[in-house]
Amino acid sequence: MNGKIKKLINEAVIKIIEHTSSQAKMEHLQEKHNVKIHFIPKRYRIFGGILQSMNIQFGNFIEVLMALLVENDGRYKIISDYSGKKNNSFELSLKNEILIDNYITRCQTENINIDVEFPKLLKQIIANNNGRIIKFKHDIDLLFRDKTTDKIYYLECKYNDDHDTGKFVDINRKFIKTYAYLAKELNITDSDKLIPILFFFTNKKMKGNIYIPENSNIGRGKNFFEEFLKVKYDDVDQYLLNLSESPDAIKAFKDLYDKTMST
């Protein structure tokens, strides 16, 4: 793992701590909890809110880290016009809007073989990119091209596979619709040229996915790294672990705790 990646991780962790413990953030949390009646003392609720905010920001950091790892690999090119952008302008055909919603419903109500039906769905999406159009502003986590095969990979990045049932459905629906946006935007005519991957940074698998095929379109931690990247997953994982337990990190969190308890 090269120095550039280590530097990114270090700077990101420091930035997250500084941002979430700023005076403005502390004052906002104080105002928020002043009006709440709760048996947990306010200062502990504030500290819990800071930690929750850090978790959210760390999830966003995973997107940046994965983009850097892909870019540094040398075999891929980040498609910077869309990748990492939060307000891309896209179009979706009404046919595909209905097609995707129907597919989600079928997955929930029928015992379909998603290893067969999901590739069919991608081909149908490409065939239905015409007719009445719906316009959207939409974010893309990571989009990159293999320099050798010219295949494009779309990654929807998540830190951990731990989402509740309702949110899990939305994640998969969004993932498929984003594929449809990109297929139209990039003028894809062959489903083998644009590969969607629902990526989880950790190896944890909470439950089986009834919408997306596990072996072809879901990437999990170590397996994804072994297939796509030269850097080892265990090296990145161990570096993050060592960083979290380092004297500097422990002191930073102790100082943050003391600061919160004194408010």
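This section describes a helix pair, a five-stranded sheet and a helix lying across that sheet in a predicted model.

Two packed helices are described by the angle between their axes and the distance between the axes. For helix H1 (residues 3–20) and helix H9 (residues 233–244), the axes come within 11 Å and cross at roughly 40°, an angle that makes H1 oblique to H9. The crossing of these two helices, H1 and H9, is right-handed. On the H1 side the contact is made by Lys6, Ile9, Asn10 and Val13, while H9 contributes Tyr239, Leu240 and Leu243. Classified by residue type, the contact of H1 with H9 comprises five nonpolar residues, one polar residue and one charged residue.

Strands of a sheet pair through backbone hydrogen bonds, either parallel or antiparallel. In the present model, five strands form an open sheet with mixed pairing, arranged in the order S1-S4-S5-S6-S7. Strand S1 (76–78) and strand S7 (218–220) are the edge strands, each of which pairs on one side only. Neighbouring strands of this sheet are turned against each other by 30° on average, with direction ignored. Within the sheet, strand S4 (residues 142–146) and strand S5 (residues 152–158) are paired in the antiparallel sense over four bridges, and Tyr153 of S5 is the bridge partner of Phe144.

Helix H3 (residues 42–73) lies across several strands of the sheet, namely S1, S4, S5 and strand S6 (194–200). Relative to the edge strand S1, helix H3 runs at about 135°.

Technical notes: Residues numbered from 1 in each chain as written. Predicted model: local features only at pLDDT ≥ 70, side-chain atom pairs only at ≥ 80, totals over all residues. Heavy atoms only, no water. Axes fitted to C-alpha atoms, helices over the stretch in contact; angles between N-to-C directions. Parallel < 35°, antiparallel > 145°, perpendicular 65-115°, else oblique. Left-handed = near helix turned anticlockwise from the far one by under 90°. Contact = heavy atoms within 4.5 Å. Nonpolar A, V, L, I, M, F, W, Y, C, P; charged D, E, K, R; others polar. Pairing = 2+ DSSP bridges.
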